[in-house]
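Here is a brief report on how the strands and helices of one chain fit together. Keep the fold in view while reading.

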Amino acid sequence: MTEIDVLAGLVGAGDVVVLSGAGLSTESGIPDYRGPSGAARRHTPMTYQAFTGDPDARRRYWARSHLGWRLIARAVPNAGHRAVARLQHAGLVGGIITQNVDGLHTAAGSSGVVELHGRLDEVICLDCGNLTSREELDRRLREANPGFAAQVAHVNPDGDVDLPDGAVAGFRTLDCGVCGTGMLKPDVVFFGETVPASRVADCFALVERARALLVLGSSLTVMSGRRFVIRAAKLGIPVAIVNQGPTRGDGHATVRVDRPLGEVLPALADRIGAPAVSGVAGEPAAV
C-alpha cells in the first residue's frame with residue numbers, strides 16, 4: 001500500500017480536520033517562511049513588541065506592508081486550495097484551521113475557516129477595537145503619502161516586503177479614523193503576540209472531534225500549529241502530513257507525503273470523487 005493509498009483511506013473516511021500553513025499558498029505566489037522558498041532565511045518578521053513600542057519600526061512596517069499587502073490581495077487560490085474546498089463540499093472535511101493570513105481558503109469556496117492568525121485584509125484599532133477593511137486604510141495611506149513608491153524585491157507571508165530604510169523615512173502613518181488617536185494594526189497575530197484563547201479553544205474542539213487531522217504545507221516549527229498535532233496524537237487521532245521538506249510533527253504522523261500540494265491534493269480529490277466547486281476565484285474556466 002502506497003502513502004497515497006493510506007492518505008486516501010484516511011480522508012475518504014470523512015470527519016477530517018485540515019490544518020494548513022504557508023506552504024499551501026506558495027503556488028499562489030506567496031512565499032513561505034521555512035519551506036523551499038525560504039523567506040525566513042532573508043527576513044525577520046515584525047514582532048508585536050517592536051510594532052507597538054517603536055514608532056520607527058511601525059513606520060517601516062506600514063510603508064513596506066502598504067506595498068506588500070497588494071501583492072497578497074491580488075493572489076488567487078491555487079489547485080491545493082480548490083482541492084480542500086472540494087473535499088469540504090463533498091462532506092469529508094469537517095473543519096479547516098489555517099495559519100495563513102491570505103484568505104485564500106475562503107476565496108476557493110471553503111466555509112467556516114478558522115483563521116488562527118487573523119486576516120491581513122482587516123485592520124484593528126488597538127485602542128477602541130474598531131475593525132476596518134484594508135482597502136479603506138489603503139485609500140487613506142495613498143492620500144497621506146502621494147507619490148510614495150518603491151521597488152519591491154519580494155513579498156513575505158505576512159505581507160511585509162524588503163525595502164531600504166531610506167525608502168520609508170518619509171512615510172506617514174495614520175491613526176484610527178473612528179476614535180482619532182488609536183494605533184492601527186493589521187488584524188493578524190504578530191510574532192510575540194498571543195492567539196486569542198477562544199480561537200485556540202475552538203481549534204482544539206475541532207481536532208478532538210475529528211476522525212483524522214490533515215496537515216498541509218506547514219513545517220510545524222512553532223507551537224502555534226504543532227500543539228494541535230500533539231493533541232491529536234495524544235488522543236490516538238491519525239495525523240496525515242503533506243509538506244515539502246521535514247516537519248516537527250513527522251514523529252506523530254500516520255502517513256507522510258513529501259510532494260507538492262498542488263499535485264497531491266487535486267489527485268486526492270479526484271481519487272475520492274469530490275466534485276469541483278464552481279464559481280470560485282482561480283477556478284479554471286470550463287471548456
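The text below covers a sheet, the helices on the sheet and a helix pair.

**The sheet**

This is a predicted model. Six strands make up an open sheet, and their pairing is parallel. The strand order is β3-β2-β1-β7-β8-β9. The edges belong to β3 (114-115) and β9 (255-257). Each has a single partner strand, so one side of each is left without a neighbour in the sheet.

Strands β1 (residues 16-20) and β7 (residues 212-216) run parallel and are joined by five bridges. Leu19 has Val215 of β7 as its bridge partner.

**Helices on the sheet**

Two helices that pack on the sheet are set out here.

| Helix | Strands touched | Angle between directions |
|---|---|---|
| α1 (residues 3-12) | β1, β7, β8 (239-242) and β9 | about 120° with β9 |
| α4 (residues 79-89) | β1, β2 (93-98) and β7 | about 145° with β2 |

Helix α1 touches the edge strand β9. Helix α4 touches β1 and β7, the two strands joined by five bridges.

**The helix pair**

How do helices α8 and α9 cross, left-handed or right-handed? The crossing is right-handed. The axes of α8 (residues 197-209) and α9 (residues 223-234) come within 10 Å and cross at roughly 35°. On the α8 side, the contact is made by Val200, Cys203, Phe204, Val207 and Glu208. Helix α9 contributes Arg227, Phe228, Arg231 and Ala232. By class, the residues of this contact are six nonpolar and three charged, with no polar ones.

Technical notes: Residues numbered from 1 in each chain as written. Predicted model: local features only at pLDDT ≥ 70, side-chain atom pairs only at ≥ 80, totals over all residues. Heavy atoms only, no water. Axes fitted to C-alpha atoms, helices over the stretch in contact; angles between N-to-C directions. Helix = DSSP H or I, 4+ residues; strand = E, 2+ residues; numbered from the N terminus. Left-handed = near helix turned anticlockwise from the far one by under 90°. Contact = heavy atoms within 4.5 Å. Nonpolar A, V, L, I, M, F, W, Y, C, P; charged D, E, K, R; others polar. Pairing = 2+ DSSP bridges.
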